[in-house]
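This report concerns the pockets, the cysteines and one helix of a single protein chain. Please keep the sequence and the model in view while reading.

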Amino acid sequence: MMNRQLKGSLFNIQFNSTEDGPGIRTTLFMKGCPMRCPWCHNPEGISRSPQLVWYESRCIGDEKCVGKCPKGALALTEKGIVIDRKICDACGQCVDVCPSAALELLGKEYTVEEAADLVLRDKVFYEKSGGGMTLSGGEPAMQNEFGAALMQVVKSEGVHVALDTCLGVGWKVLSPLVELADLVLLDIKTMDESDHLRFTGIPLKWVLDNARKVSETKTPIWVRTPVIPGYTDKADSIRQIARFIRSELPSACRYDILAFNKICEPKYARLGMSWTLAGTDLLTEAVMARLEAEAKAEGVEFARWSGMTNIDKGNG
């Protein structure tokens, strides 16, 4: 029997999602990731621990939070609330007294029962649209016991369950989630071994071996490649990924080539983190169309690009 009181840490629950699998979905973003990609779109998902953030647009200048902090980690300055992250332990006492919700803890604990109840509220929308629940992150396998128990509860209600994984963990850790998934969305970022290790901190072999094992289960796969300027935007790597999909992932039915975007930039600032891609231009539609064509030329007809792009200028 699954433990419905088992707790897991989530940093976001996105209702009415249409990007993380088929139909209308509820996507649960879980804390903790083994990779350290410089372009990470969800930096708040990297750490397993809760993190305090401040939203300038919500703040009314009330200083109750400053006085409430037992560590003295908050200060109200001309630039707003400053968090001393060396001493802040994310206890949440400042969040409790903030009258405008300008302070927030990213990393809230839910029991399996609580998370399942939230997901199942929209069951009628899943049934009408062919949607369901998606576990994302971060990396769901970093909390695999909680994730597996939640998947079991939701599946027992007839809801489609998808797993979104970076594949950067051992198969014994990942497999319990794969076995329960109706769909696996997986990332293959580059086929250059040196680049993959340098960019993510994880050997490419782990990712490719896990991808093969997922396909051996005959679970449908959506492959994703984020196209990041100066990192993963090489046409040769896209061709190699397409060849790998065609020859070694027979259960793959979709290949998403995802254009770099900068929506995540404010997240880094709120977390007190630097972002190496600040100031980087978006790619053009022409560049993305060429990469899609490269993948299709390798026999992956279900390749498609999507995302934000700059207006093409001349040859793109």
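Which element supplies the largest share of the lining of the second largest pocket? That share, three residues, comes from β5. The model is a predicted one, in which local features need pLDDT of at least 70 and side-chain atom pairs count only at pLDDT 80 or more, while totals for chains, interfaces and linings use all residues. Residues are numbered from 1 along each chain as its sequence is written, and side-chain values use heavy atoms, with hydrogens and water left out.

**Pockets**

A pocket here is an open set of points on a 1 Å grid where a 1.4 Å probe fits, with protein on both sides within 12 Å along at least five of seven lines; lining residues have an atom within 4 Å of a point. A volume is the space filled by probe spheres set on the points. Strands (DSSP E runs of at least two residues) and helices (H or I runs of at least four) are numbered from the N terminus.

| Pocket | Volume | Nonpolar lining residues | Polar | Charged |
|---|---|---|---|---|
| Largest | About 1,200 Å³ | 17 | 14 | twelve |
| Second largest | About 190 Å³ | six | one | three |

In these classes, Asp, Glu, Lys and Arg count as charged, Ala, Val, Leu, Ile, Met, Phe, Trp, Tyr, Cys and Pro as nonpolar, and the others as polar.

The largest pocket is lined by 43 residues, of which Asp20, His41, Asn42, Arg224 and Leu258 are the closest to its centre. Strands that each give at least two residues to this lining include β1 (7–17), β8 (132–137) and β12 (252–259). For the second largest pocket, β5 (80–83) and α10 (265–270) each contribute at least two lining residues. Among the residues of that lining are Trp54, Ile81, Arg85 and Leu271.

**Cysteines**

The structure holds zero disulfides (pairs of cysteine sulfur atoms within 2.5 Å). For cysteine 37, the nearest cysteine sulfur belongs to cysteine 40, 6.4 Å away. Cysteine 37 is buried (under 20% relative accessible area, 1.4 Å probe), at 11%. Cysteine 94 likewise is in no disulfide, and the sulfur of cysteine 91, the nearest, is 6.1 Å away. Cysteine 94 is also buried, with a relative accessibility of 7%.

**Helix α3**

In α3 (residues 112–120), the residues Val112, Ala115, Ala116, Leu118 and Val119 are buried. They lie on the same side of α3, because they cover an arc of only 160 degrees around the axis, taken from the directions to the C-beta atoms. Elements that cover these buried residues, with contact meaning heavy atoms within 4.5 Å, include β1, β7 (108–111) and α5 (144–155).

Methods
Buried < 20%, exposed > 50% of the residue type's maximum accessible area, 1.4 Å probe, protein only.
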